[in-house]
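Reader: I'd like a close look at one part of this fold rather than a tour of everything. Could you take me through the strands and whatever sits against them?

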Amino acid sequence: MGAGTVVLLRHGRTEWNVAERLQGQTDVALDDVGRWQAREAARALVRTHRAARVITSDLGRATDTAGAYARLVGLDVVPDPRLRERGFGEWEGLTGSEIADGWPERHAAWRRGDDDEGLPPGGETRAQVAERVRAAIEEHASGLDRGDTLVVVSHGAAITLAITAMLGLEPGWRGVVGLTNAHWSQLTRARGGSQPPWRVVAHNVGAAYAPEAWRAGPETGAEQESDTAGMPAG
C-alpha cells in the first residue's frame with residue numbers, strides 16, 4: 001500500500017531568496033535566518049508528524065533543512081537528486097527584472113505559464129520536473145506502511161509541481177500557491193482506489209510566527225513573538 005501520509009517541506013531561506021534570484025539547481029546554502037527557520041520548522045513539525053523516513057533533495061539548502069528535522073526523530077536523511085529544484089538553465093542566479101531585460105518575450109510567456117514559448121534556455125519543463133519528483137516520492141513511499149509518514153524536503157517549484165502531479169492534474173495547472181520558506185504541505189493517500197490517489201489535507205503550514213517575524217529571524221525577538229501569543233484556547 002505504501003505510506004499513508006506525505007509531508008512536503010520546503011527548505012529554509014537563502015541569500016538568493018532575499019535577493020529574489022532564481023536558484024534552480026545552483027547549490028546555494030541557507031543563510032543565518034534560514035538555519036533558524038529550519039530548526040524552528042523541525043520543532044513545529046515533529047509535534048504533529050513523526051516520520052518513518054526522511055528524504056531530501058541533495059542540494060545543501062534542502063539537506064540542512066532535512067537534517068534539522070531528522071535529528072529530532074532519530075533518523076538518517078536519504079538524499080535523492082530527483083527531488084532537486086526545477087532546472088532553470090541560463091536564468092539561474094538572475095532576478096526577475098534581469099530575466100525580463102534579457103529575454104522579454106520568453107519571460108512574459110514563462111510568467112503566463114507557457115512551457116513552449118517560455119521555457120528557460122537550457123531549463124526543464126514543468127512536466128519533466130513534476131514526473132521526476134512524483135516518481136521519487138511514490139518510490140520511497142511504496143516501501144512504507146499505511147500508518148507511516150514520509151517527510152520529503154525539497155524546493156518551491158518542485159513541491160508545487162509534485163503536488164499538482166499527485167492530484168492527477170496537468171503540470172500547467174497553477175492553482176497551488178508556492179510554499180513559504182520552511183513551511184510544508186500534507187497529503188493523505190485516498191482509500192479504496194479512488195481518484196486522484198492523494199488528497200491535500202493542509203498547505204503552507206509552518207511554525208507559529210507572524211510572517212514578518214518569520215522573515216526577520218531571531219535577531220528581532222521573533223523567538224518570543226509568535227502569532228499565537230495571547231490567543232484564547234479552543
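Author: Let's settle one term before we start: two strands pair if DSSP finds at least two bridges between them. Keep in mind, too, that this is a predicted model.

With that in hand, start at β2 (residues 53–56), which pairs with β3 in the parallel sense over three bridges. If you want a spot to click on, try Ile-55, whose bridge partner in β3 is Val-78.

Now zoom out. That pair belongs to an open sheet of six strands, and reading across you get β3-β2-β4-β1-β5-β6, with mixed pairing. The edges are taken by β3 (77–79) and β6 (198–205); each has a single partner strand, so one side of each has no neighbour in the sheet. On average, neighbouring strands here are turned by 20 degrees against each other, direction ignored.

What sits against the strands? Helix α2 (residues 32–48) lies across β1 (5–10), β4 (149–154) and β5 (184–189), and runs at about 30 degrees to β5. Helix α7 packs on the sheet as well, touching β1, β4, β5 and β6. The direction of α7 makes about 155 degrees with that of β1; angles over 145 count as roughly antiparallel, so that label fits α7 and β1.

Stay with α7 for a moment, since α6 (residues 126–142) packs against α7 too, at an angle of about 75 degrees and with the axes 8 Å apart. That makes the two helices, α6 and α7, roughly perpendicular. On the α6 side, the contact uses Arg-126, Val-129, Ala-130, Val-133, Arg-134 and Ile-137. Facing them from α7 are Ala-158, Leu-161, Ala-162, Ala-165 and Met-166. By class, this contact has nine nonpolar and two charged residues, and no polar ones.

And α7 has one more role to show you: α7 gives the most to the lining of the largest pocket, with five residues. The volume of that pocket is about 1,100 Å³. Other elements giving two or more residues to the lining include α1 (15–19), α4 (96–102), α5 (104–112) and α8 (211–216). There are 40 lining residues, and those nearest the centre of the pocket are Leu-22, Phe-88, Trp-110, Gly-156 and Ala-157. Sorted by class, the lining holds 15 nonpolar, 14 polar and 11 charged residues.

So if you only rotate the model around one helix, try α7: it touches the sheet, meets α6 and helps line the largest pocket.

How values were computed. Residues numbered from 1 in each chain as written. Predicted model: local features only at pLDDT ≥ 70, side-chain atom pairs only at ≥ 80, totals over all residues. Heavy atoms only, no water. 1 Å grid on protein atoms, 1.4 Å probe; cavity = no way out; pocket = protein on both sides within 12 Å on 5 of 7 lines; lining within 4 Å. Points joined across faces, edges and corners; volume = space filled by probe spheres on them. Helix = DSSP H or I, 4+ residues; strand = E, 2+ residues; numbered from the N terminus. Nonpolar A, V, L, I, M, F, W, Y, C, P; charged D, E, K, R; others polar. Axes fitted to C-alpha atoms, helices over the stretch in contact; angles between N-to-C directions. Contact = heavy atoms within 4.5 Å. Parallel < 35°, antiparallel > 145°, perpendicular 65-115°, else oblique.
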